[in-house]
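Visitor: Could you take me through the salt bridges in this model, slowly and one pair at a time? I'd like to know what sits where, and what gets tied to what.

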Amino acid sequence: MSLAATAAFVATSSIPGQAASSLVMKYRCTGGIAGAGVDLEARMTPQVESGTMNVRWDMKYTSVQRFGSPGFFPEGSSLDLEGTVDISGAWTGQLRPRGGQPQDELVPGDYLDLPEGLSDDASISRTGTIRFKPGKLMVRFTPAEGEVMVNNSVPEVKYNGPWTTEYTGNRYDDYKNDIEKTSGWGATARLDFVGTKVAYIGRREQDLGPVKVLIDGKPATEQLIHPGQDRAGNPMTGTETQQVLWTSPQLDYGPHTVIVTNTENKPAYLDAFQVFTGDIPEPPQHEQAECELQHDPGAIDVDISGPTEDPTDDPTDDPTEDPTDPGEDPGEDPNNPNNPNDPGPGGNDVGTIGGENVIVVPQTSSSTTTSPKPTGPTATKYYRAQVAKTPSGGVETGVAPDEDRPPYGLMATGMVVAMGSAGGGLLMRRRRAAHAGGA
């Protein structure tokens with residue numbers, strides 16, 4: 001599905017609040033570890049479900065250029081990316097999807113692996129439409145703490161003067177079984193590195209000349225180094241390999257230069273440099289890269305609707321049995337005006353509570369307050385009093401007794417009963433006499 005540069009895409013799915021669509025952003029990164037420029041593609045997928053709003057970015061390179069290591073570092077350095085997403089609508093603010101990728105041991109120019117994805121989330125407690133619009137992207141490189149050996153034969157070590165490489169094999173315990181040697185006065189070996197300290201590794205051996213070491217163009221001390229002597233200053237009689245001949249003071253993290261210079265026409269060796277990186281709590285500013293959008297990718301709108309529930313019982317159905325009325329007589333005539341099941345004039349058959357859907361706000365980690373869950377309309381039935389008239393001296397019910405008047409109805413009923421009894425006896429006598437005559 002295509003979308004215009006400035007259009008918003010409305011994402012819907014069968015799950016309420018679940019965005020099933022993505023937005024593709026193209027970035028151009030410059031500065032720091034990006035060098036002349038690195039192109040990236042990010043695919044943003046927002047998801048809102050169960051009271052949580054989450055944004056995920058999937059990252060990949062789209063150009064031949066890659067982020068490159070600025071120096072020699074042990075395993076464990078990290079490439080960290082952080083994007084920005086502006087949120088508007090029912091929830092206003094900004095999310096910052098983040099992700100990091102640990103790196104293997106690095107040398108200058110090694111490609112840096114991207115994180116598989118970036119993500120950030122927040123809790124939501126209201127319904128409505130939320131718009132997700134991506135913004136800038138930052139790239140940071142954090143070097144690992146530790147040290148790494150830089151062999152004499154790597155291209156990063158630059159030689160000036162008559163130097164030769166000797167492959168020593170198992171005869172000597174030189175680092176990587178090789179060593180660089182010179183006998184020329186003024187011959188130099190130079191390494192540009194990024195770190196916080198550096199050491200010069202060589203041999204101690206008989207008849208070696210003194211050397212001078214500069215750090216960032218200046219001597220750490222005025223004294224020369226004498227590899228032809230042991231550490232006590234006595235002349236060497238044998239050969240000691242992989243010796244730390246000089247170590248720099250602690251330096252600020254950043255780019256530095258170390259230069260070893262032979263000061264006489266005597267042999268001098270370079271076996272390796274050892275580069276140290278101290279603890280770097282924050283990514284160095286000079287190694288950060290900033291990435292700008294190369295187009296307007298638009299935005300994604302996600303419609304968040306609260307869950308609703310349909311009551312299973314019909315709220316208009318009268319209850320068939322009132323559990324609070326154990327004395328109800330099911331055989332009473334419904335046409336009787338004193339029938340307690342008839343609400344009578346002015347009564348309501350059914351009363352309802354509620355009517356509109358109640359929105360349920362799921363509980364989240366940042367809030368413990370939720371809206372009450374709807375249980376459906378409540379059927380309320382109204383009843384007349386079962387004792388319509390209360391005789392004098394009856395139980396106090398709040399209904400006053402009627403005034404005294406002759407019991408005409410009761411007297412009439414007694415007369416009817418008496419006449420019925422007399423008539424029934426006379427009829428029985430006639431039937432018995434007839435029966436006897438027939439016999």
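**Salt bridges up close**

Guide: Let's start with glutamate 82 and arginine 96, whose side chains meet in a salt bridge at 3.0 Å, N to O. Keep in mind as we go that this is a predicted model. Glutamate 82 belongs to strand 5 (residues 78-89), while arginine 96 sits in the loop between strand 6 (93-95) and strand 7 (98-102), so the pair ties together parts that are 14 residues apart in sequence. The two ends don't have the same kind of surroundings: glutamate 82 has 15% relative accessibility and counts as buried, because the cut-off for that is under 20%. Arginine 96, at 32%, counts as partly exposed.

Next up is aspartate 301 with arginine 131, another salt bridge, this one at 2.6 Å, N to O. Here the reach along the chain is 170 residues, because aspartate 301 lies in strand 23 (residues 299-304) and arginine 131 in strand 9 (residues 128-142). On the acid side, aspartate 301 is buried, with a relative accessible area of 10%. On the base side, arginine 131 comes out as partly exposed at 35% relative accessibility.

The third pair to look at is aspartate 174 and arginine 203, with their closest N and O atoms 2.7 Å apart. This one links distant parts of the chain too: aspartate 174 is in the loop between strand 12 (163-167) and strand 13 (178-182), arginine 203 is in strand 15 (residues 197-205), and 29 residues separate them. In this pair, both aspartate 174 and arginine 203 are buried.

Now back to where we began, since glutamate 82 and arginine 96 have company. Salt bridges with shared partners join Glu82, Arg96, Arg98 and Arg140 into one network. As for the overall tally, the count comes to 15 salt bridges, and the pairs above are among them.

While you have the model open, take a look at a sheet as well. Five strands make up an open sheet, ordered 11-14-19-16-17, with antiparallel pairing. Strand 11 (157-160) and strand 17 (218-219) stand at the edges with a single partner strand each, so one side of each has no neighbour in the sheet. Further in, strand 16 (residues 211-215) runs antiparallel to strand 19 (residues 254-262), and five bridges join the two. If you want one contact to click on there, try valine 213, whose bridge partner in strand 19 is valine 260.

Key: Residues are numbered from 1 along each chain as its sequence is written. This is a predicted model: local features need pLDDT of at least 70, side-chain atom pairs count only at pLDDT 80 or more; totals for chains, interfaces and linings use all residues. Side-chain values use heavy atoms; hydrogens and water are left out. A salt bridge is a side-chain nitrogen of Lys or Arg within 4 Å of a carboxyl oxygen of Asp or Glu. Helices (H or I, at least four residues) and strands (E, at least two) are DSSP runs, numbered from the N terminus. Buried means under 20% relative accessible area, exposed over 50%, partly exposed in between (1.4 Å probe, protein chains only). Two strands pair if DSSP finds at least two bridges between them.
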